[in-house]
Amino acid sequence: MDILANLSLGFSTAFSLGNLFYCFIGVVLGTLIGVLPGLGPVATIAMLLPVTYRFEPVTALIMLAGIFYGAQYGGSTTAILVNLPGEASSVITALDGHAMARRGEAGKALATAAIGSFIAGTIATFLIALFAPPLAEMALKFGPAEYFSLLVLGLAVSIVLAHGSLLHALGMIFLGLLLGIVGTDVNSGATRFTFGQDWLADGVNFVVLAMGMYGLGEIINNLEKKGTRELMARSVSGLRLSWKEFKGILAPVLRGTAVGSFLGILPGGGAVLSSFASYAVEKKLSKNPIPFGEGAIEGVAGPESANNAGSQTSFIPMLTLGIPSNPTMAIMIGAMMIHSIQPGPSVLTEQPALFWGLIASMWIGNFFLIVLNLPMIGLWVKLITAPYHLMFPVIVVFCAIGVVSINNSEWDVFMMAFFGFAGYMFSKLECEPAPMLLGFILGPMMEEYLRRALLMSSGDFSVFVTRPLSAILLVVAAAALAVVLLPSISQKREETFKE
Amino acid sequence: MSVFIKHPRDFFAGLMYASVGIGAIVMAQEYNMGTSVRMGPGYFPTLLGGFLTLIGVISMIRSFLHAGETIGAFCWKEIALVLGSVVLFGVLARGAGLAPSLMLMVLVSAWASDRFKLGTALALAVVSSVFSALVFVKGLGLPFAIVGPWFGM
């Protein structure tokens with residue numbers, strides 16, 4: 001009964017006219033950036049943060065969340081139609097989705113993706129409602145040692161997800177952790193790594209870092225590649241599935257939802273891992289005469305459901321533990337902090353309307369996506385080939401204005417330019433920025449929990465392994481790393497990322 | 001040198017980690033270390049710097065042992081134009097005001113594309129800067145002048 005009461009509180013919040021409107025704006029904007037070349041959800045949410053300063057916190061979060069899952073939806077559209085996955089989570093969709101489009105079944109692939117996402121989104125919404133409260137309750141019992149180990153686990157999983165070498169992912173995490181503690185130490189008041197500059201006393205702003213890396217750095221990367229987009233289908237028709245086809249995809253959708261929901265909850269998990277895992281499952285189980293990779297419909301249905309379920313359940317660790325499982329969630333944490341909400345187990349008890357409103361809005365947003373986007377597909381198709389040389393200067397404008405509006409400081413603009421160069425350099429060195437961003441966000445938290453845990457144990461480091469829950473978390477983290485190092489699996493991992 | 005470095009990416013990434021790590025350790029010595037019971041502000045950074053240096057050294061050693069592709073040239077023109085336009089904006093925004101500095105930023109950054117045409121870039125610059133100056137200054141109350149004091153306004 002509790003769940004029903006909570007959900008009805010959520011829906012009554014989310015159904016207010018303003019929240020409905022901004023949820024709608026969020027998903028449309030999200031789809032737009034998912035479809036447009038060279039702009040990801042992290043940079044977009046960062047750019048729009050200043051716009052949401054004056055909103056109610058719940059409205060701001062609803063809109064930003066809408067951008068997140070809307071972008072994923074748009075990303076699968078480009079994956080199917082142009083074989084260019086707009087977001088990392090739709091890399092897998094491009095394999096069979098684009099093969100279907102080449103066969104003239106683009107409409108069917110798009111409809112499968114939309115229906116799968118919607119079913120997954122609906123189920124995931126209920127799963128969040130079911131599992132978030134007990135998890136938050138458990139988290140309230142966490143001591144500093146458990147929190148520290150949980151953060152270690154989160155970082156370990158982000159390494160598993162990173163492309164390329166384990167060593168570089170580790171290096172980027174430590175770079176991020178160090179960058180995160182630049183500024184004034186909350187405990188001693190000492191300013192660290194500021195080079196005596198006042199503008200660094202508050203540390204590096206997350207938005208500045210994210211916009212530099214994902215906004216400007218990406219622009220330079222895209223300009224260097226000079227690629228053009230080739231559209232598979234100028235007009236898309238046949239956006240319907242027959243009853244028989246629907247029954248055919250139902251099982252992959254449900255399996256994908258299960259896989260995605262589970263992996264999304266893991267810190268560091270989320271949409272990308274979910275879609276890879278679901279693809280592997282479907283490939284094993286498929287009875288389709290069409291082989292995977294050549295346009296098997298299950299290869300679209302499973303992963304698309306999984307990435308949507310995973311992206312929604314990845315809100316669970318963010319909302320209940322305050323731990324971001326991917327850069328987008330990290331930015332959502334930044335957004336909550338701007339509205340002076342400290343993400344963590346207390347959100348659920350202190351801000352029930354915000355918590356449940358956000359969750360209910362996800363279901364509404366998924367509904368918007370399916371009823372609006374299939375009819376609007378013609379518009380999205382036109383936007384896929386938007387001329388990049390006219391788009392990127394506008395992105396630069398939004399980055400610059402967005403950054404300047406945080407503190408009204410030109411130093412933030414210079415810092416963003418610096419991180420733009422760093423972002424470009426990292427991509428040249430094949431070092432992924434995502435683990436660094438996670439480290440950046442988690443750095444101050446880690447230091448604080450480490451300090452508290454050691455204070456309570458009188459400086460004894462064994463506290464992390466003698467407390468059972470903390471030990472379990474560390475063992476899981478070690479297992480995650482060991483898995484990457486195993487030769488047979490690391491080979492498979494490389495193959496998956498190559499595809 | 002390049003005879004020994006078989007994997008330039010690993011080498012330079014390692015060099016970056018190690019130098020940042022060592023820099024962090026050196027700078028952290030100015031802060032109070034404290035003890036593990038009462039961690040001072042220097043404790044955690046030293047720890048992190050140590051790990052980062054270690055990772056950097058391992059990466060550099062690996063670069064002598066296994067082969068990898070070369071890094072490839074940096075596209076300096078695009079970097080200079082895109083990032084330069086942003087820095088220019090930062091320098092000019094307060095004095096010249098948002099609209100002129102945004103216009104200049106759009107023009108300079110658009111130049112980074114192969115398909116740059118002065119006419120379209122000018123139009124884009126005017127439209128986007130006027131639009132965003134109005135939205136952010138008039139609409140959202142950003143405390144910057146649309147046209148700054150340098151123009152006597």
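**Exercise 1. Classify Glu430(A) by exposure and describe its backbone.**

Solution. Step 1: count the neighbours. Glu430(A) has 16 other C-beta atoms within 10 Å, so it is partly exposed. The class follows because a residue is buried at 20 or more such atoms and exposed at 12 or fewer. The coordinates used here and below belong to a predicted model.

Step 2: place the residue. Glu430(A) sits in the loop that joins helix H19 (410-428) to helix H20 (433-456) of chain A.

Step 3: read the backbone angle. Phi of Glu430(A) is positive, near 55°, and the residue is not a glycine. Most residues other than glycine have a negative phi.

**Exercise 2. Decide whether Ser458(A) is buried or exposed, and locate it.**

Solution. Step 1: Ser458(A) has 10 C-beta neighbours inside 10 Å, and therefore counts as exposed.

Step 2: the residue belongs to the loop between H20 and helix H21 (463-466) of chain A.

Step 3: its phi is positive as well, at about 55°, although Ser458(A) is not a glycine.

**Exercise 3. Work out the surroundings of Gly420(A) and name the residues that it touches.**

Solution. Step 1: Gly420(A) is part of helix H19 of chain A.

Step 2: there are 26 other C-beta atoms within 10 Å of Gly420(A), so the residue is buried.

Step 3: list the contacts, leaving out residues up to four places away in sequence. Within chain A, Gly420(A) touches Gly212(A), Leu216(A), Gly217(A) and Ile220(A); from chain B, Leu83(B) is on the list.

Step 4: compare sequence and space. Val208(A) is 212 residues from Gly420(A) in sequence, while their C-alpha atoms are 9.6 Å apart.

**Exercise 4. Carry out the corresponding analysis for Phe206(A), starting from the helix that holds it.**

Solution. Step 1: the helix is H9 (residues 206-225) of chain A.

Step 2: Phe206(A) has 23 C-beta neighbours inside 10 Å and so counts as buried.

Step 3: beyond its neighbours within four places in sequence, Phe206(A) is in contact with Ala330(A), Ile331(A), Gly334(A), Phe440(A) and Ile441(A).

Step 4: take a pair separated along the chain. Phe426(A) is 220 residues away from Phe206(A), and the C-alpha distance is 18 Å.

**Exercise 5. Describe how H6 and H12 of chain A cross.**

Solution. Step 1: identify the helices. H6(A) covers residues 106-140 and H12(A) covers residues 298-313.

Step 2: give the geometry. The two axes come within 7 Å and cross at roughly 35°. The crossing of H6(A) past H12(A) is right-handed.

Step 3: sort the contact by class. It has 11 nonpolar residues, nine polar residues and one charged residue.

**Exercise 6. Compare the radius of gyration of chain A with the value from the globule rule.**

Solution. Step 1: take the inventory. Chain A has 23 helices and two strands.

Step 2: apply the rule. For 499 residues the globule rule gives 23 Å; the radius of gyration of chain A is 22 Å, close to that value, so chain A is as compact as a globular protein of that length.

Step 3: add the other totals. The C-alpha trace spans about 65 × 55 × 50 Å along the principal axes. Buried residues make up 60% of chain A. Of its contacts with a separation of 6 or more, 80% are between residues 24 or more positions apart.

**Exercise 7. Apply the test to chain B, which has 153 residues.**

Solution. Step 1: chain B has five helices and zero strands.

Step 2: a compact globule of 153 residues would have a radius of gyration near 15 Å, but the value for chain B is 24 Å.

Step 3: the C-alpha atoms of chain B fill a box of roughly 55 × 45 × 25 Å, and 41% of the residues count as buried.

Step 4: divide the chain. Domain 1 of chain B runs over 8-65 and domain 2 over 76-151. The centres of these two domains, taken over C-alpha atoms, are 39 Å apart.

**Exercise 8. Find how many residues each chain gives to the contact between chains A and B, and break down the side of chain B.**

Solution. Step 1: chain B contributes 59 residues and chain A contributes 52 residues.

Step 2: the elements of chain B that give two or more residues are H1 (8-28), H2 (43-65), H3 (76-96), H4 (98-110) and H5 (118-139). H3(B) gives the most, with 11 residues.

Step 3: by class, the side of chain B that touches chain A has 38 nonpolar, 15 polar and six charged residues.

Terms used. Residues numbered from 1 in each chain as written. Chains lettered and ligands numbered in written order. Predicted model: local features only at pLDDT ≥ 70, side-chain atom pairs only at ≥ 80, totals over all residues. Contact = placed C-beta atoms within 7 Å. Helix = DSSP H or I, 4+ residues; strand = E, 2+ residues; numbered from the N terminus. Nonpolar A, V, L, I, M, F, W, Y, C, P; charged D, E, K, R; others polar. Axes fitted to C-alpha atoms, helices over the stretch in contact; angles between N-to-C directions. Left-handed = near helix turned anticlockwise from the far one by under 90°. Domains from an automatic or database assignment. Rg over C-alpha atoms; globule rule 2.2 N^0.38 Å.
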